[in-house]
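Trainee: Could you take me on a close look at a single part of this chain, and show me how that part fits with the rest? I am new to reading structures, so please go step by step.

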Amino acid sequence: MQNKVTVLIIEDEKNICDFMATTLRAQGYKTITTGLGREGVSLTASQCPDILLLDLGLPDLDGMDVIRQLRAYTSIPIIVISARTQEREKVTALDLGADDYITKPFGASELMARIRTALRHGAQMAAGTAAGRPYRSGGLCIDFERRLVTVEEKPVHLTQVEFKIVSFLAAHSGRVMTYDAIISHVWGPYADDNNRILRVNMANIRRKLESNPAEPRFILTEIGVGYRMAEDEGR
Ligand code: CA
């Protein structure tokens with residue numbers, strides 16, 4: 001097949017690299033693997049993969065530098081594979097332009113879901129089709145054009161700010177959005193520390209949308225990083 005999606009895996013831990021490559025090939029993806037950051041950068045340029053799985057702790061080059069070098073010229077989807085559980089690392093990688101992250105240990109289904117989301121988002125960005133069609137997931141519907149939010153067909157009244165937050169997360173559904181990204185989208189890049197105001201708004205949003213705000217189904221918290229909206233089921 002000529003049109004197989006190609007995944008470049010940059011990971012120096014051989015068993016994790018093999019696990020990902022085997023999983024992906026079983027799903028019909030083509031894989032290229034390397035354990036070195038520099039080689040990963042040059043393979044990205046020479047092989048033009050469709051998506052990158054990137055370990056942060058590499059022997060020759062920090063994963064963050066790989067992201068920096070690639071983002072200077074390409075918007076290829078990058079999913080960071082990290083053993084580091086420190087939120088700061090994840091936030092830094094996302095702020096540098098990574099699309100998402102997955103924390104070791106992870107299973108095959110989680111890996112595949114992340115890849116599908118990142119690929120779909122990349123395709124939407126390229127085609128400019130993300131807006132327009134309503135977002136749907138488990139009874140929640142967001143009509144961006146009519147600015148209408150319904151849960152189980154019942155209209156939900158959101159304030160201007162709440163709608164801005166919800167529609168931003170829905171437009172990037174399935175992907176984690178950092179607190180900073182949300183805040184600068186809603187209040188602008190020069191907003192002061194609005195973390196607390198964001199949390200207050202999120203509590204109000206969940207009270208309006210979720211049947212049990214303590215166990216949200218639609219907007220999930222990624223502790224210390226940001227929020228992730230449930231995957232759009234509308235396609
Ligand atoms: Ca490593």
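Mentor: Let's begin with contacts along the chain, keeping in mind that this is a predicted model. Among contacts between residues at least 6 apart in sequence, 60% join residues at least 24 apart. The chain is built from eight helices and twelve strands, and its C-alpha atoms fill a box of roughly 50 × 40 × 30 Å along the principal axes. For 235 residues, a compact globule would have a radius of gyration near 18 Å, and the chain agrees, with 18 Å. Of those 235 residues, 49% count as buried.

Now for the close look: the calcium ion. Which residues coordinate the calcium ion? They are D12 and D55, each through OD, and G57 through O, at 2.1 to 2.4 Å. Along the chain, these donors follow the spacing D-x42-D-x1-G. Is D55 buried or exposed? Its relative accessibility is 4%, and because buried means under 20%, D55 counts as buried. G57, on the other hand, has a relative accessible area of 32%, so G57 is partly exposed.

From there, turn to I78, a residue of strand 4, which covers residues 78-82. I78 has 0% relative accessibility, so I78 counts as buried. What does I78 touch, if we leave out residues up to four places away in sequence? The list is L52, L54, I67, L70, R71, A98, D99 and D100. You can also compare sequence with space here: I78 and G40 are 38 residues apart in sequence, and their C-alpha atoms are 12 Å apart.

Finally, let's see how two helices pack. Two packed helices are described by the angle between their axes and the distance between the axes. Helix 6 spans residues 160-171 and helix 8 spans residues 195-209; their axes come within 10 Å and cross at roughly 80 degrees. Angles of 65 to 115 degrees count as roughly perpendicular, and therefore helix 6 and helix 8 are described as roughly perpendicular to each other. On the helix 6 side, the contact is made by V161, E162, I165, V166 and L169. Helix 8 brings L198, N201, M202, N204, I205, K208 and L209. Sorted by character, the residues of this contact are eight nonpolar, two polar and two charged. Try finding E162 and K208 in the picture, since both belong to this contact.

Notes
Residues numbered from 1 in each chain as written. Predicted model: local features only at pLDDT ≥ 70, side-chain atom pairs only at ≥ 80, totals over all residues. Heavy atoms only, no water. Helix = DSSP H or I, 4+ residues; strand = E, 2+ residues; numbered from the N terminus. Buried < 20%, exposed > 50% of the residue type's maximum accessible area, 1.4 Å probe, protein only. Contact = heavy atoms within 4.5 Å. Axes fitted to C-alpha atoms, helices over the stretch in contact; angles between N-to-C directions. Parallel < 35°, antiparallel > 145°, perpendicular 65-115°, else oblique. Nonpolar A, V, L, I, M, F, W, Y, C, P; charged D, E, K, R; others polar. Donors = N, O, S within 2.8 Å, 3.2 Å for Na, K, Ca; no water. Rg over C-alpha atoms; globule rule 2.2 N^0.38 Å.
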